[in-house]
Amino acid sequence: MAVVLFTSKTISYNRVWKTRETLFRAGVHTLPHNAKAHYNYANFLKDENRTEQAVYHYKKAVELYPPHSSSHNNLGTLLQNDQPGVAEYHFNEAIKHTPGHYRAMFNIAHIYRSRGEYEKACDILKTCLSLKPTYFDAKLLLADSLNELGRAAESIKLYQMLHKEHQDNYQVNHNFAAILQKQGYQKEAINIYSNLLTKDPKNENILNKLATVYKKAGNNEMAVTLYQRAILAHPKSSKAYQNLALLYYERREFQKSRDLYEKLMQISPNAEHKRNYAIVLFALREHREAIRLVDGNIQEQPSDMQSHHLLINFLVDTQEYQKGKVAIERALKISPGDQRVLLFKANILRNTKSYAEAIKIYRHLIHKNGRNMDALINLGTIYHIQVTCTLFIRLS
């Protein structure tokens, strides 16, 4: 009897200890009111990407034992993308119950940064680093947040330290080079990107970034070479095609730009690429095709205001004012207060000498934005014409 009893117990416990899941699930089943049991099971579920179940058990853990900081922190990390406000609450709870919880501080700094609250992010990251000076991710986030605040000198200084400590870290090198390039340190950015490219010669992102830096440094030939390398390495990726086509357009090599856009249309015929392709075609005086392409964008996506703007601009440039008026009214039905469309409307009215109506729109635009230079200049032009005409009539 004893042998049978203990054998059955052994078999039963063998089932429990069979896997991590069965072990943690048994803990919850045996101790349903134990916060630690729910926390352990939630950790397993999180590692298995079973997020919904993990959230349930973390919530159960903090319900059973509200001061459980680790449950609050882990629950916050699972909710921060979809429910940032709820995640922020749990991170604050983790810090409240464990004032030195540097991971919760880092996580809440991420939320602040995503909301554009860079000052608050910097403050809490500095506190975080005072508790954990070697926390790499916190240093990286602080450097980026300082840069977003416009404190480039502090950001660069911190990146110099990070670069010295982590010379082979891709993210440090990449971010540091991007900030250097933005601040005008082209030579230094080129050195870092070139070093990264030596280690990974076909890295599409680095090829494009390095080409862009060379372009801004005025070395267009090197930029072209790098964009071409990116296209050869990644023939089905649109980024290098777009960048090189734009470079050719800026150099007024419109035919080369067109050739690239024709290939791009086969790879990624999205609305942005079609708009840019249309601009190149318009520069080549293929006005009908450019207009057709942009109008097609609008037919597919009526709310695409950039295509509306471009189409109206094309029609105004070709002096097709009647078609321009139709395009303007269509755009205003989608976005009645769009200032660019209203400016186009006023310009057409001015060009067709409907001055009274044009003046009303220009005044409206200036009332909305007193620094609208186009509206101010065009309104001034109409007044000048009217005054000149009045004087001419009086003198005659």
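How exposed is D295, going by its relative accessible area? D295 comes out as partly exposed, because its relative accessible area is 25%; here buried means under 20% relative accessible area, exposed means over 50%, and partly exposed is in between, using a 1.4 Å probe and protein chains only. The model is a predicted one, so to speak of local features a pLDDT of at least 70 is needed, side-chain atom pairs count only at pLDDT 80 or more, and totals for chains, interfaces and linings use all residues. Residues are numbered from 1 along each chain as its sequence is written, and side-chain values use heavy atoms, with hydrogens and water left out.

First, confidence. The protein chain has an average pLDDT of 89, and 92% of its residues score at least 70; pLDDT is the predictor's confidence in each residue, on a scale from 0 to 100. Among the elements of the chain, helix α17 (residues 271-283) has the highest mean pLDDT, at 96, and helix α1 (residues 2-16) the lowest, at 52. Where pLDDT is low, the predicted coordinates should not be read in detail. Helices are DSSP runs of H or I with at least four residues, numbered from the N terminus.

Back to D295 and its partner. D295 and R330 meet through their side chains in a salt bridge, 2.8 Å from N to O. This pair links distant parts of the chain, with D295 in helix α18 (residues 287-300) and R330 in helix α20, 35 residues apart. R330 is also partly exposed, at 28% relative accessibility. A salt bridge is taken as a side-chain nitrogen of Lys or Arg within 4 Å of a carboxyl oxygen of Asp or Glu, and by this rule the count comes to 23.

Another of these salt bridges joins the side chains of R251 and E221, at 3.1 Å from N to O. R251 sits in the loop between α15 (239-250) and α16 (254-267), while E221 belongs to helix α14 (residues 220-233), so the pair ties together parts that are 30 residues apart in sequence. R251 counts as partly exposed, at 30% relative accessibility. R115 and E117 form a salt bridge too, with their closest N and O atoms 2.8 Å apart. R115 is partly exposed at 39%, and E117 is partly exposed at 24%. Both belong to a network of salt bridges that links E88, R115, E117 and K120.

Helix α20 itself is worth a look. Its 14 residues (321-334) should span 20 Å at 1.5 Å a residue, and its end C-alpha atoms are indeed 20 Å apart; the expected span is 1.5 Å times one less than the number of residues. The buried residues of α20 are Y321, G324, A327, I328, A331 and L332. Seen down the axis of α20, these fall within an arc of 135°, so they line one face of the helix; the arc is that of the directions from the helix axis to the C-beta atoms. On the other side of α20, Q322, V326 and K333 are exposed. The cover over the buried residues of α20 includes α19 (305-317) and α21 (339-351).

Helix α10 (residues 152-165) gives a similar readout. At 1.5 Å a residue, its 14 residues should span 20 Å, which agrees with the 20 Å between its end C-alpha atoms. A152, S155, I156, L158, Y159 and L162 are buried in α10. They cover an arc of only 165° around the axis, which puts them on the same side of α10. A153, K157 and K164 are exposed on the other side. The buried residues of α10 pack against α9 and α11 (170-182).

One residue of α9 (residues 136-148) is N147, which counts as buried at 13% relative accessibility. Leaving aside neighbours within four places in sequence, N147 is in contact (heavy atoms within 4.5 Å) with S155, I179, K182 and Q183.

Finally, the core. The largest nonpolar core has 113 residues, and those with the most contacts inside it are Y159, L244, I312, F314 and Y362. Such a core is a set of buried Ala, Val, Leu, Ile, Met, Phe, Trp, Tyr and Cys residues joined through side-chain atoms within 4.5 Å. With neighbours within four places in sequence left aside, Y362 is in contact with L343, A346, N347, R350, A375, N378, L379 and I382. L244 is touched by Q228, which also touches Y248, not counting residues up to four places away in sequence. Q228 is found in helix α14 and counts as partly exposed at 37% relative accessibility.

Conventions:
Helices (H or I, at least four residues) and strands (E, at least two) are DSSP runs, numbered from the N terminus.
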